[in-house]
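Reader: I've got this one open on my screen and I'd like a close look at one part of it. Could you pick a residue and walk me through its surroundings?

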Amino acid sequence: MTDDRLRMTPGPTEVPAAVRERMAEPTPNPDVEPAFFEFYRELQGKLGSILGDDEVVILGGEGILGLEAAVASLVEPGTRVLCVSNGLYGEGFADFVELYGGEAVTASAPETAAYDLEAIESTLADGAFDVATLVHCETPTGVLNDLDPVLDLLEAHDVLSVVDAVSSLGGTPVPVERIDVAIGATQKCLSAPPGLSILSVSEAAWERIEATETPSFYANLDPWRGAAEEEWFPYTHLSSNLYGLDAAVDRLLAEGLEAVFDRHRTVAERCRERGRELGLEPYPDPGLVSPTVTAFHVPGRAGSLAERLREDHGIVLATGLGERADDVLRVGHMGHNARPEPVERTMDALADVLE
Ligand SMILES: *Cc1c(COP(=O)(O)O)cnc(C)c1O
């Protein structure tokens with residue numbers, strides 16, 4: 001089937017042919033054949049190059065499952081959670097916390113601004129917290145948050161960190177060694193299809209997970225601890241998706257992480273430079289823009305611009321989310337799409353529809 005549309009959304013991203021072809025291969029029975037466990041452990045090892053030394057868990061379900069599983073496994077009635085936020089995903093963590101009976105206290109900053117370190121510090125000083133949630137890249141606004149100063153505070157207060165790195169992992173460095181639960185997904189910078197969440201879980205997080213009573217079965221991380229070593233899975237794994245992820249990670253490691261990060265930085269700068277030439281500025285403060293996605297501020301025009309790009313040029317972009325739906329036009333330059341050719345083609349088309 002030919003399909004020459006170019007999808008430059010901040011996830012799902014274009015999936016390269018090598019990944020699609022690998023997914024079409026025959027798959028063994030994941031629960032029965034030892035070769036599959038061997039493959040899975042190797043994949044965990046490769047993912048460790050991106051996610052650090054902690055045990056990697058891969059869940060069958062797209063990115064949201066990873067976020068819910070982290071909360072479901074760490075939070076129970078009585079758990080106090082600091083939800084650090086400057087956007088929709090940051091706020092969304094508080095809903096998950098309350099769903100699982102925890103007490104969420106949110107330290108919010110405006111969505112165009114950096115995390116409010118003073119608010120975080122004073123909230124931490126006010127009462128003991130067990131867990132904190134953070135979002136590395138707030139995809140709806142194209143903000144990349146500086147995690148280190150917050151992680152410093154959390155370490156000083158002995159609070160476990162849960163970080164949504166879904167739209168940054170594999171596109172820009174993530175301080176995974178300092179994070180207790182880092183969450184990624186296949187359909188963003190890894191450029192595999194939607195379908196898997198990827199988490200790295202620290203020893204301290206596993207201890208809390210073991211002690212937590214969760215009502216959830218599918219979103220419980222506990223049964224995954226050491227499962228591949230013991231050669232069993234809590235449920236049948238998504239073998240074709242795992243093959244696709246394996247091919248995607250192979251591509252990334254063959255290119256080299258530093259080269260991949262450079263490529264993202266370079267095309268992000270180019271995207272913004274071309275935007276400036278068209279009179280477009282990013283929505284967030286200039287120092288906060290993510291190398292994986294650019295959200296241009298186009299008040300009241302995002303929907304019509306996106307429609308013309310799709311109808312006249314076969315290019316699919318995303319608009320804003322929530323209240324900003326029509327004010328923000330988002331170009332995803334992540335994963336396989338973080339290359340000059342698709343970015344130039346997108347900006348050529350944007351120049352045309354803006355005329
Ligand atoms: C994409 C994304 C997720 C996963 O959710 P989707 O339903 O795939 O959009 C989670 N967090 C962030 C920051 C994301 O960008």
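What follows is a walk around one loop residue, with the wider setting before and a few other spots after.

Reader: Let's take threonine 292. Which residues does threonine 292 touch, leaving out those up to four places away in sequence?

Author: Sure, and keep in mind that this is a predicted model. Let me set the scene before zooming in.

The protein has eleven helices and 14 strands. Its radius of gyration is 20 Å, close to the 20 Å that the globule rule gives for 355 residues, so the protein is as compact as a globular protein of that length. The C-alpha trace spans about 60 × 55 × 30 Å along its principal axes. Of the 355 residues, 57% count as buried. Among contacts with a separation of 6 or more, 71% are between residues 24 or more positions apart.

There are two domains: domain 1 covers 17–253 and domain 2 covers 257–354. Their centres, taken over C-alpha atoms, are 26 Å apart. Where they meet, domain 1 puts in 25 residues and domain 2 puts in 22.

Now to your residue. Threonine 292 sits in the loop between helix H9 (257–277) and strand S11 (293–297). Is it buried or exposed? Threonine 292 has a relative accessible area of 0%, and the cut-off for buried is under 20%, so it counts as buried.

As for what it touches, start with the lower numbers: Cys137, Ser167, Ser168, Gly171 and Cys189 are on the list. Then come His264, Val331, Gly332, His333 and Met334. That leaves out residues up to four places away in sequence. For a sense of distance, take glycine 170: it is 122 residues from threonine 292 along the chain, yet their C-alpha atoms are separated by 9.6 Å.

While you have the model open, have a look at alanine 318 too. Alanine 318 belongs to strand S13 (residues 318–319). With 12% relative accessibility, alanine 318 counts as buried because the cut-off is under 20%. Beyond four places in sequence, its contacts are Thr9, Pro10, Val328, Leu329 and Arg330. Arginine 20 is 298 residues from alanine 318 in sequence, and the two are 23 Å apart in space, C-alpha to C-alpha.

A few backbone spots are worth a click as well. Most residues other than glycine have a negative phi, and most peptide bonds are trans. Here are some that go the other way.

Serine 191 has a positive phi of about 55 degrees although it isn't a glycine. You'll find serine 191 in the loop between strand S9 (181–185) and strand S10 (196–201). Serine 191 is buried, with a relative accessible area of 3%.

Aspartate 158 also has a positive phi, near 60 degrees. Its place is the loop between helix H6 (148–156) and strand S8 (160–164). Aspartate 158 counts as exposed, at 69% relative accessibility.

Then there's the peptide bond between glycine 11 and proline 12, which is cis, with omega about -10 degrees. Proline 12 is in the loop between strand S1 (6–7) and helix H1 (17–23).

Last, the outside. The protein exposes about 14200 Å², with 49% of that supplied by carbon and sulfur atoms. On charge, count 25 positive and 63 negative side chains, and the centres of the two sets lie 9 Å apart.

Conventions: Residues are numbered from 1 along each chain as its sequence is written. This is a predicted model: local features need pLDDT of at least 70, side-chain atom pairs count only at pLDDT 80 or more; totals for chains, interfaces and linings use all residues. Side-chain values use heavy atoms; hydrogens and water are left out. Helices (H or I, at least four residues) and strands (E, at least two) are DSSP runs, numbered from the N terminus. The radius of gyration is taken over C-alpha atoms; the globule rule is 2.2 Å times the number of residues to the power 0.38. Buried means under 20% relative accessible area, exposed over 50%, partly exposed in between (1.4 Å probe, protein chains only). Contact means heavy atoms within 4.5 Å. Accessible areas come from the Shrake-Rupley method with a 1.4 Å probe; for residues, only the protein chains shown count as cover. Lys and Arg count as positive and Asp and Glu as negative; His and the chain ends are not counted. The place of a charge is taken as NZ of Lys, CZ of Arg, CG of Asp or CD of Glu. Domain bounds come from an automatic or database domain assignment.
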